[in-house]
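User: Please take one helix of this model and examine it closely. I should like to know how it is packed and what surrounds it.

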Amino acid sequence: MAKQSNQKFQSKKMASQAINPDLTRLSPSPSDDNRSDQMAGLVGVLPSESLTSETGTIISDNQNQLKAGVRGPTLLEDHHYREKIGHFDHERIPERVVHARGAAAHGVFQLYKPMGDYTKAGFLQDSAIETPVFVRFSTVQGSRGSADTARDIRGFAVRFYTQEDNFDLVGNNIPVFPIQDSIKFPDLIHAAKPEAHNEIPQASTAHDTFWDFISLMPESTHAIMWIMSDRGIPRSYADMEGFGVHTFRFVNEEGTSSFVKFHWKPVAGVHSLVWDEAQKLGGKDPDFHRRQLWESINQGTYPEYELGVQIVANEEEFDFEFDLLDSTKLIPESLVPVQIIGKMTLNRNPDNYFAETEQVAFHLGNIVPGIDFTNDPLLQGRLFSYIDTQLNRFGSANYNELPINQPIANVNNNNRDGFMRQRIVKGRVNYEPNSLGGGCPMQKMMQEGGFTTYPEPVEGTKVRERSPTFADHFSQAALFWRSQVDWEKDHIVNAFLFELGKVEIIGIRERMVSNLTQVDAVLAQRVADGLGMPLPTPPVGYKDVPYTAEPEMDEKLSMANNLNESIKGRKIAILAANMVDGAALELACTTLESEGASVKIIAPISGDISSITGKLIGVDHSLPTVSSTQFDAVFIPGGMESVKTLCLNSFAVLFVKEAYKHGKPIGAADDGVLLIEKAERTSGAPNDTFSDIGILTVTKDEVDANFMDQFVGIVAMHRFNERPDLEAISV
Ligand code: HDD
């Protein structure tokens, strides 16, 4: 049989070959400008294909050291060798003490509506202006080489390159922080990181020191509830919210200030993994999140997030049951709605991981006129730590001269010299006041555009004390719990059972469950039961802690209320083998891809498979090389021979079983149903355990556009975690 070409596979290959980062670029980044300046005059002088030393000597032998005879000793004279190895030996800079593992992307921010009533920040005035951004996502605890899918907070650091300065909104994917005062940060991180004596475990909080600390810090309970929820294991960076966490200030031209909380709302909706899946992905694809970010941008499925603000008038500061300056609290959206003011689109992958993702140096002090700090003691403390940490990472005060850190705003000051200084500032004047330089550079008055610190009156006795308005540690943790739907509550309980189950010291477990009694009686009882221990007594002093059960619910706190109807960016697996029903397979591919999903054909071995009619279909992945954990949904087309082969393939059966257990949509046409039945029979669970929630099947004659639309509909729902008896299924 003549080998026919496969349209789908061919066009995919061509698309990926055609991708040239320079062509996908929508707006130049500051690094581009800088690079092209530096390159001007050099390009064309050297043949670009020649290998050179650091200073431009063309290297004639990159294979052998300089030796005294072919079998003789190496000569110290070998300056090429010493330069190469010396450079290599110095390739690393210290990894970030937290947020070491990260992935980043360039993009643009587009304002929807001018915000001049609240802030004079230039980039928030004119909806015609696009502001370039660079965003770095990260996990907190793990080292640079750790797995993406660990249960953890995710960093969500956004740099806006504005005309007035870089504005760094260094946030997280959860809206609250585990501590109220920065002075506790080293303790929190020491406790969370691998234990000091044996450096175990990597990128996991499921160990004694973490829960020892947390159980002694009731203020962390609210953040812990978020981390134990599926928010701690996002599906992808494109599917998670971002939060500035602190309350900041907006200041307008008239000097009027209001309080503001920043939110990023993912256009794709909020979606997460489930725990079994996250753990397996840690082995199958530790790069799961960074790979998805990279691939989706390369494919043109750009992650998008709308910027939202919650604004509170200055005079309403004390209208809440909690303190706006307390970073362990959020402002429920039911009390202050989020106004959507713009959209960020991530549309370009970095060109070089080290130069951009690793060397980006975020700092909360990178702020613009019109945005200001509040007295949140966590925020105030961070202002010191970020500069200090960059000095340590770069060994020089000149890190802002690196291309990724350079602002597009003019830089003109009397700071000079230091390791690796790049800029050559002309003239002899490097002090102020001066007359020799005409007084330049001159400070500007606030009215003339200088940075405005809101002149908030401050008076007080010097104290080391926590404000009594920070004392309520449980009300919002309880609000979060009450706002979850049943399956979200189940996942939170299971997360506590996993984490505390790994804690060896029983007293720590007791102290933690004792704190949970203050969140919710049912939660505490379920965790105690699951750990096989009696319900501990409430913590000492709990009666003195203020508490409010208002509001009763905040629906935005549940992921179930933050879904998105679109399947754009979802990854769908089609399981097939030789003699597959090619028509059903093709219809599935075209329908799903036209809706923005990425479809992969997975077969027992790589190469091509043949349809019933003899058409050759290219295989994207062989079954042993992938797992259902890497996909959002599965479709099994008919074709008796194809399905029989799959039923005899343990990888295919496991694929469907796992997809079912992880709540994923499954579609099957005609004989494809047999694979679902085989998966059910071998699941170890009683017969008829596989309910039809999120499963769509049809006969061969009914595989049409209408069926595919229904399948798209269930894929859009992402997960069916409410399927009964999921725990009974063995995978
Ligand atoms: Fe932090 C990095 C987010 C509190 C000290 N932090 C870092 C990053 C993010 C956050 C996203 C990674 C930035 C990047 O991608 O390069 N941190 C937060 C949030 C906090 C917070 C949302 C609370 C609301 N951080 C916090 C405190 C301190 C620090 C209280 C210390 C007093 N954070 C650091 C740091 C890091 C850092 C040590 C490590 C690497 C870096 O700064 O550049 O300075």
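Analyst: A residue is called buried under 20% relative accessible area, exposed over 50% and partly exposed in between (1.4 Å probe, protein chains only). The model is predicted, so local features are restricted to pLDDT of at least 70 and side-chain atom pairs to pLDDT 80 or more, whereas totals for chains, interfaces and linings use all residues. Numbering starts from 1 along each chain, and side-chain values use heavy atoms, without hydrogens or water.

The helix chosen is H14, residues 506-516 (helices are DSSP runs of H or I with at least four residues, numbered from the N terminus). Ile508 and Arg509 of H14 are buried, as are Met512, Val513, Ser514, Asn515 and Leu516. The buried residues of H14 pack against four helices, namely H6, H7, H13 and H15.

Of these partners, H13 (residues 486-501) can be described in detail: H13 and H14 pack at an angle of about 155°, and their axes lie 11 Å apart. H13 is therefore roughly antiparallel to H14, a term for angles over 145 degrees. On the H13 side, the contact (heavy atoms within 4.5 Å) is made by Phe496, Leu500 and Gly501. H14 contributes Arg509, Met512, Val513 and Leu516, and these four residues of H14 are among its buried ones.

The surroundings of H14 extend into the largest nonpolar core, which has 50 residues (such a core joins buried Ala, Val, Leu, Ile, Met, Phe, Trp, Tyr and Cys through side-chain atoms within 4.5 Å). H14 gives two or more residues to this core, as do H13, helix H5 (185-192), helix H6 (208-215), helix H7 (221-228), helix H12 (475-482) and helix H15 (521-531). H7 supplies the largest share, six residues. The residues with the most contacts inside the core are Trp211, Met225, Phe496 and Leu523. Phe496 thus has two roles in this description, because Phe496 of H13 also takes part in the contact with H14.

H12, another contributor to the core, contains Ser475. Ser475 is buried, with a relative accessible area of 4%. Apart from neighbours within four places in sequence, Ser475 is in contact with Pro546, Tyr547 and Thr548.

For contrast, Gly713 is placed in helix H20 (residues 705-716). Gly713 is partly exposed, with a relative accessible area of 33%.

Note on methods: Axes fitted to C-alpha atoms, helices over the stretch in contact; angles between N-to-C directions. Parallel < 35°, antiparallel > 145°, perpendicular 65-115°, else oblique.
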